[in-house]
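Let's take a walk through this model together, from the overall picture down to individual residues. Have the viewer ready, and turn the structure as we go.

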Amino acid sequence: MDASMERTLLVVVPCLDEEATVGRVVSAVPRNVDGFDRVEVVVFDDGSTDGTAVAAREAGAEVVRHESNRGLGATFREAVRFALDHGASAVVHIDGDGQFDPGDIPLLTAPVVEGRADMVTASRFMRRELVPKMPTIKRWGNWGVAWVVRLLTGESFHDVSCGFRCFSREALLRMNLFGSFTYTPESFMDLVFKELSILEVPVRVRGTREFGESRIASSIPRYAWRSMKIMLRAFISYRPLRLFFTLGALFLAVGAGLLGFLLVHYARTGAFSPHIWAGFVGGSFGFLGISTLITGLIGDMLVRIRLNQEKILYQQKRAELERRERDAIGT
């Protein structure tokens with residue numbers, strides 16, 4: 001696939017032991033989508049031990065195979081690099097387990113083509129009549145992750161864990177993700193903090209897998225814990241001062257309360273005993289609060305440095321992409 005002036009939609013299908021469904025998913029991808037001159041499908045086989053790669057090739061997809069499992073987040077980052085290296089105008093990311101209908105791809109690409117959004121995600125919970133049947137614990141888990149993203153970003157979304165999404169070229173150039181376990185909530189936070197537009201589109205999906213079980217959400221506590229770590233790191237990467245200022249203010253309030261209690265006791269009795277402990281504990285909380293505030297200030301300065309580095313990286317990636325397109329025109 002050579003970069004050219006043609007508008008190419010790259011459909012990325014991550015798979016891990018999806019031999020039973022990947023061929024059907026690849027075959028169902030529409031090859032004519034409004035706004036694009038061609039549609040190409042690439043399956044990222046993330047260390048499958050079955051015939052996933054063979055089934056994908058037989059269905060007409062290009063296959064990028066990993067010898068060992070790297071995780072959905074790492075696979076997604078590789079897919080983004082692949083898309084930019086091959087001059088894709090947009091990327092659709094759809095799971096290979098058959099839960100999503102590839103026929104809905106135009107619903108996700110249309111807002112990107114029209115310039116109304118940089119990322120469009122399928123939403124399973126946006127409309128009540130489209131909410132799929134799934135275990136209650138998984139619905140709670142999805143709601144919990146969406147609530148945390150809303151708390152951290154101030155933006156409200158119905159479904160931040162869905163693996164069916166479309167990304168514009170601008171989003172591909174701007175995203176910098178680090179989690180290896182999954183990419184879904186982290187990409188929301190990364191794009192929101194960079195002030196790129198995100199749109200949810202309600203679609204009907206299967207609530208449970210047709211074959212096997214989810215590798216990402218097979219254990220809800222494990223999924224919640226690992227997703228929480230990724231989201232917290234993403235939040236600290238962009239808003240460290242807000243987090244550490246809140247914690248520091250809390251520690252200082254506790255310290256001031258204890259020291260105030262001790263001073264009132266001394267004013268009434270003329271002695272610190274038997275509450276001298278309040279002075280030591282209050283002083284410790286005061287020191288902890290000041291240290292936390294300083295940590296937030298240092299973190300904020302580091303974020304400013306990182307954002308400048310990301311701007312340079314963005315400009316380099318865009319310049320390289322434009323150079324490849326000029327070379328393609330010349331040939």
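**Rings in the interior**

Phe-44 and Phe-82 are both buried. Keep in mind as you look at them that this is a predicted model. The two ring centres are 5.8 Å apart and the planes meet at 85°, so the pair is edge-to-face; the angle cut-off for that label is over 60 degrees. Phe-44 belongs to strand β2 (residues 38–46) and Phe-82 to helix α3 (residues 72–85), so this pair ties together parts that are 38 residues apart in sequence.

Now turn to Phe-100 and Phe-164, an aromatic pair that is tilted, with 5.4 Å from centre to centre and 35° between the planes. Phe-100 sits in the loop between β4 (90–93) and α4 (105–113), while Phe-164 sits in the loop between α5 (136–153) and β6 (165–168), so the pair ties together parts that are 64 residues apart in sequence. Both Phe-100 and Phe-164 are buried.

How many aromatic pairs does the count come to? The count comes to 9 aromatic pairs. There is also an aromatic cluster to find, formed by Phe-193, Phe-235 and Tyr-238.

**Stepping back to the whole chain**

With those rings in mind, zoom out. The protein chain has 10 helices and 7 strands. Its C-alpha atoms fill a box of roughly 85 × 50 × 40 Å along the principal axes. Of the 331 residues in the protein chain, 50% are buried.

For contacts with a separation of 6 or more, 74% are between residues 24 or more positions apart. The accessible surface of the chain is about 16600 Å², and carbon and sulfur atoms account for 58% of that surface. As for charge, the chain carries 40 positive and 38 negative charges, and the mean positions of these two sets are 8 Å apart.

**Two cysteines and two acidic residues**

Why do Cys-162 and Cys-166 not form a bond with each other? The sulfur of Cys-162 has its closest cysteine sulfur in Cys-166, and because the distance is 13 Å, the two are too far apart for a bond. A disulfide would need the sulfur atoms within 2.5 Å. Seen from the other side, the closest cysteine sulfur to that of Cys-166 is the one in Cys-162, again at 13 Å. The count of disulfides comes to 0. Cys-162 is buried, at 0% relative accessibility, and Cys-166 is also buried, at 0%.

Acidic side chains are worth a look too. Asp-95 is in the loop between β4 and α4, and at 18% relative accessibility Asp-95 counts as buried, because the cut-off for buried is under 20%. Leaving aside residues up to four places away in sequence, Asp-95 touches Val-13, Pro-14, Val-25, Phe-100 and Gly-163. You have met one of these already: Phe-100 is the partner of Phe-164 in the tilted pair.

Is Glu-186 buried or exposed? Glu-186 is buried, with a relative accessible area of 5%. Look for Glu-186 in helix α7 (residues 184–193). If you would like a distance to check in your viewer, Glu-186 and Arg-128 are 25 Å apart from C-alpha to C-alpha, and 58 residues apart in sequence.

**Backbone details**

Some backbone geometry rounds off the tour. Most residues other than glycine have a negative phi, and most peptide bonds are trans. Asp-17 has a phi near 55°, a positive value in a residue other than glycine. Asp-17 is in the loop between β1 (8–15) and α1 (22–28) and is partly exposed, with a relative accessible area of 26%.

Glu-195 also has a positive phi, near 60°. You will find Glu-195 in the loop between α7 and β7 (198–202), where Glu-195 counts as exposed at 73% relative accessibility; the cut-off for exposed is over 50%.

Which residues are joined by a cis peptide bond? Ser-273 and Pro-274 are, with omega at about 5°. Pro-274 lies in the loop between α9 (240–269) and α10 (276–330).

How values were computed: Residues numbered from 1 in each chain as written. Predicted model: local features only at pLDDT ≥ 70, side-chain atom pairs only at ≥ 80, totals over all residues. Heavy atoms only, no water. Helix = DSSP H or I, 4+ residues; strand = E, 2+ residues; numbered from the N terminus. Buried < 20%, exposed > 50% of the residue type's maximum accessible area, 1.4 Å probe, protein only. Contact = heavy atoms within 4.5 Å. Areas by Shrake-Rupley, 256 points an atom, 1.4 Å probe, with all protein chains shown as cover. Lys, Arg positive; Asp, Glu negative; His and termini not counted. Charge placed at Lys NZ, Arg CZ, Asp CG, Glu CD. Phe/Tyr/Trp six-rings, centres within 6.5 Å; stacked < 30°, edge-to-face > 60°.
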